[in-house]
Amino acid sequence: MNTVLIIGAGGVGHVVANKCAQLPDIFQNIHLASRTKSKCDAVAEDVRSRTGVSITTHSVDADDVPATVALIREIKPQLLINVALPYQDLTLMEACLETGVNYLYRRDGYSGGMTVLVDRDGKPLIGEINKWE
């Protein structure tokens, strides 16, 4: 079972949730979290109406590392996709480091793409890709 946790329920989070729902062989359990659960619920309802896929929603303050760690431990995702605000990148990375969850960062402008998550010594952390096959 492959589980993904998307953090951020704005416009980009909406698109990411829809795209994940279109790939049910890869993303079997989709979770969406944001500070405002009602935004997550609205995205989840839109995705369900478009794709028939249900998304589980959560409220979390991405600035709060212990709360994010608790949510990650509850859900047990293989991947966290960060589409939250730019200033929350480091707290989400820290939560992923603490829980050993793979991290994908998406940003536009002058930065973006897939960001390698490193440990405190700067050594890249690599998850088990075969879990996604």
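What follows is a walk through a predicted model, starting with its sheet, moving on to its helices and ending at one threonine.

The sheet comes first. It is an open one, built from 5 strands that line up in the order β3-β2-β1-β4-β5, with parallel pairing. At the edges stand β3, covering residues 55-59, and β5, covering 102-105; each has a single partner strand, so one side of each is left without a neighbour in the sheet. Going from one strand to the next, the twist averages 20 degrees. As a general point, strands of a sheet pair through backbone hydrogen bonds, and they can do this in either a parallel or an antiparallel way. Here, β1 (residues 3-7) and β2 (residues 29-34) run parallel and are joined by 5 bridges. To pick out a pair of residues, Ile 7 has Ala 33 of β2 as its bridge partner.

Next come the helices. Helix α4, made of residues 89-99, lies across three strands, namely β1, β4 (79-82) and β5, and runs at about 160 degrees to β5. Elsewhere, two helices pack against each other: α1 (residues 11-21) and α2 (residues 37-51) meet at an angle of about 35 degrees, and their axes are 10 Å apart. The crossing of this pair is right-handed. On the α1 side, the contact is made by His 14, Ala 17, Asn 18 and Ala 21, while α2 brings in Val 43, Asp 46, Val 47, Arg 50 and Thr 51. Sorted by character, the residues of this contact come out as 4 nonpolar, 3 polar and 2 charged.

One of those contact residues, Thr 51, is worth a look of its own. Thr 51 lies in helix α2. Is Thr 51 buried, exposed or partly exposed? Its relative accessible area is 29%, which falls between the 20% limit for buried and the 50% limit for exposed, so Thr 51 counts as partly exposed. Setting aside neighbours within four places in sequence, Thr 51 is in contact with Asn 18, Ala 21 and Gln 22. Lys 19 offers another way to place this threonine: Thr 51 and Lys 19 are 32 residues apart in sequence, yet 9.8 Å apart in space from C-alpha to C-alpha.

The side chain of Thr 51 also takes part in polar contacts with the backbone. A polar atom of this side chain lies 2.7 Å from the backbone oxygen of Val 47. The side chain of Thr 51 reaches the backbone nitrogen of Val 53 as well, at 3.1 Å.

How values were computed: Residues numbered from 1 in each chain as written. Predicted model: local features only at pLDDT ≥ 70, side-chain atom pairs only at ≥ 80, totals over all residues. Heavy atoms only, no water. Pairing = 2+ DSSP bridges. Helix = DSSP H or I, 4+ residues; strand = E, 2+ residues; numbered from the N terminus. Axes fitted to C-alpha atoms, helices over the stretch in contact; angles between N-to-C directions. Contact = heavy atoms within 4.5 Å. Left-handed = near helix turned anticlockwise from the far one by under 90°. Nonpolar A, V, L, I, M, F, W, Y, C, P; charged D, E, K, R; others polar. Buried < 20%, exposed > 50% of the residue type's maximum accessible area, 1.4 Å probe, protein only. Polar contact = N/O pair within 3.5 Å; in protein donor to acceptor, adjacent residues only side chain to side chain.
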